[in-house]
Amino acid sequence: MADDYLVRIGKLIRDARQHRGWTQSQLAEALNTSQSAVNRIERGNQNISLEMIARIGEALDSEIVSLGYAGPMHLRVVGGRRLSGAIDVKTSKNACVALLCASLLNKGRTVLRRVARIEEVYRLLEVLNSIGVRTRWINDGTDLEIVPPAELNMEAIDAEAAVRTRSIIMFLGPLLHRMDRFRLPYAGGCDLGTRTIEPHMIALRRFGLEVAATEGHYHAVVDRQVRPDRPIVLTERGDTVTENALLAAARHDGVTVIRNASSNYMVQDLCFFLEALGVRVEGIGTTTLTVHGMPVIDADVDYSPSEDPVEAMSLLAAAVVTESELTVRRVPIEFLEIELAVLEEMGLDHDRTPEYFADNGRTRLVDLTVRPSKLEAPIDKIHPMPFPGLNIDNVPFFAAIAASAQGQTLIHDWVYDNRAIYLTDLNRLGGRLQLLDPHRVLVEGPTRWRAAEMMCPPALRPAVVVLLAMMAAEGTSVLRNVYVINRGYEDLAERLNSVGAQIDIFRDI
């Protein structure tokens, strides 16, 4: 039992150290001990005193390593403040998680630049570490180095971390090339209602993968005799479905044609990364992808994922609802053109710089300056479509924007079973949103926002929308248990504070 506690404490210390971006040597220096001692502590192979636990917690500035339960993180928001200045868009959350899964294809060393430091990434790193993949933050914690083992130990998979992320489903594509049978915990993540994984199965069966779901796991078996002998037509033009098919095709010894493919931003970044590994992909940016697979991928690769268009939309929405003038830099314009066209019709006053390239050399960026505007409700309903339509993840932000506009706006969030329901949480803050059915919300504006204390919705984008409304509301609001926001945004409160917001992070005593 004592040994079990030592292992659990060691894992907490390791996670806190990695979250800080430190190496074992850096922690050892702060503690005035040796790197080997830190290694033994993290492996659960060394007795550790209460005094040492307290010293480690102080060194890492982490409540994770503490004598008591830290409790959930909350935000206290002093609203009614105008934002000003400029803020940079971080790298794409969805691209980063796809690239972490794609690193399993490569026998060589993978370095990903400016990886999003978010909970979703941390959960995937915990899963990768548990099966034998070595990862470490380098260059002052900015970049991530990934080195796979010769053999993965799937029996040791960290199930607790795996069930807290939807991204684990994208292990299926690369793993089917590495082993004949394996199992994965059920995918988790946001509470967005039931979403079947059958489109993934339809695509991956063409590579010989069969999956049975029992007792909380996907049990996968691969038949090496089955090969895609005709184009794969995806039954859903989904992002992760397309990524899984790409990951499977990348190491298929032959040419794979994928039709009805998503051409969204994270799919394009994955294609660019596969090309850096040596895999030829034709049709990037279209709905037909032709992949010239390589049965063995062994390359030392250095890749920079592009910026996140959904975070860019979040920041633009923050400026709109707080009636602020704000410059949002490094916006991937190709993936926000429809949203901006809708906002222009609503009356948004903004301008943009000439285009320039992201660090991957392919994605087009601009800097956008948004100014206070008198908005009118759009004539047509707001509804998502696969790229190049209005992004599915950007729909919730239009709830807050429409609440700031004059007139009625119909929002039709047809993709998810119950995400639209969470948008009515804005009514707690003075909004006038009427839920017509599980997918349609009627928004009446303009809104006189008022402060409130409430629990964070269990879905990422509606949670951020509530935070933005709190920033617009006069007075002090409290948003409780914001883990879901940390899943998808890096240091969001601190970064908004840098342009004039007043958001304090606190925990219950």
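The overall form of a predicted model is described first, followed by a strand with its partners and several individual residues.

The chain comprises 509 residues, and its radius of gyration of 23 Å agrees with the value near 23 Å for a compact globule of that length. Along the principal axes, the C-alpha atoms occupy a box of roughly 65 × 60 × 45 Å. The secondary structure consists of 18 helices and 23 strands. Buried residues make up 57% of the chain. Of the contacts between residues at least 6 apart in sequence, 73% link residues at least 24 apart. The accessible surface amounts to about 20,900 Å², and carbon and sulfur atoms contribute 47% of this area. Positive side chains number 55 and negative side chains 67; the centres of these two sets are separated by 2 Å.

Strand β20 spans residues 440-445 and is paired with two other strands. With β18 (residues 407-412), β20 forms six bridges in an antiparallel arrangement, in which leucine 410 is placed opposite leucine 442 of β20. With β19 (residues 432-437), β20 is likewise antiparallel, through five bridges, and here arginine 432 faces glutamate 444 of β20. The connection from β19 to β20 is a hairpin of two residues. In a regular strand, side chains alternate between the two faces of the sheet. Such alternation is present in β20: Val441, Val443 and Gly445 are directed to one face and are buried, whereas Arg440, Leu442 and Glu444 are directed to the other and are not buried. Thus Leu442, the residue opposite leucine 410, and Glu444, the residue opposite arginine 432, both belong to the face that is not buried.

The end of β20 also leads into one of the cis peptide bonds of the model. Glycine 445 is joined to proline 446 by a cis bond with omega near 0°, and proline 446 lies in the loop between β20 and β21 (453-455). A cis bond is also found between phenylalanine 387 and proline 388, with omega of about 15°. Proline 388 is located in the loop that separates β17 (364-371) from α14 (395-403).

Phenylalanine 387 recurs in the surroundings of glutamine 268, a residue of helix α11 (residues 265-277). Beyond residues up to four places away in sequence, glutamine 268 contacts Ser263, Ile284, Gly285, Glu334, Phe335 and Phe387. Glutamine 268 has a relative accessible area of 8% and is therefore buried, the limit being under 20%.

Valine 211, in strand β7 (residues 209-214), is partly exposed, with a relative accessible area of 23%. Its contacts, apart from neighbours within four places in sequence, are Met201, Tyr218, His219 and Ala220. From valine 211 to isoleucine 138 the C-alpha to C-alpha distance is 37 Å, across 73 residues of sequence.

Positive phi values were found in two residues other than glycine, arginine 330 and aspartate 491. Arginine 330, with phi of about 65°, is part of strand β14 (residues 326-332). The relative accessibility of arginine 330 is 18%, so this residue counts as buried. Aspartate 491, with phi near 50°, is instead placed in the loop between α17 (483-488) and α18 (492-497). At a relative accessible area of 42%, aspartate 491 is partly exposed.

Conventions:
Residues numbered from 1 in each chain as written. Predicted model: local features only at pLDDT ≥ 70, side-chain atom pairs only at ≥ 80, totals over all residues. Heavy atoms only, no water. Helix = DSSP H or I, 4+ residues; strand = E, 2+ residues; numbered from the N terminus. Rg over C-alpha atoms; globule rule 2.2 N^0.38 Å. Buried < 20%, exposed > 50% of the residue type's maximum accessible area, 1.4 Å probe, protein only. Contact = heavy atoms within 4.5 Å. Areas by Shrake-Rupley, 256 points an atom, 1.4 Å probe, with all protein chains shown as cover. Lys, Arg positive; Asp, Glu negative; His and termini not counted. Charge placed at Lys NZ, Arg CZ, Asp CG, Glu CD. Pairing = 2+ DSSP bridges.
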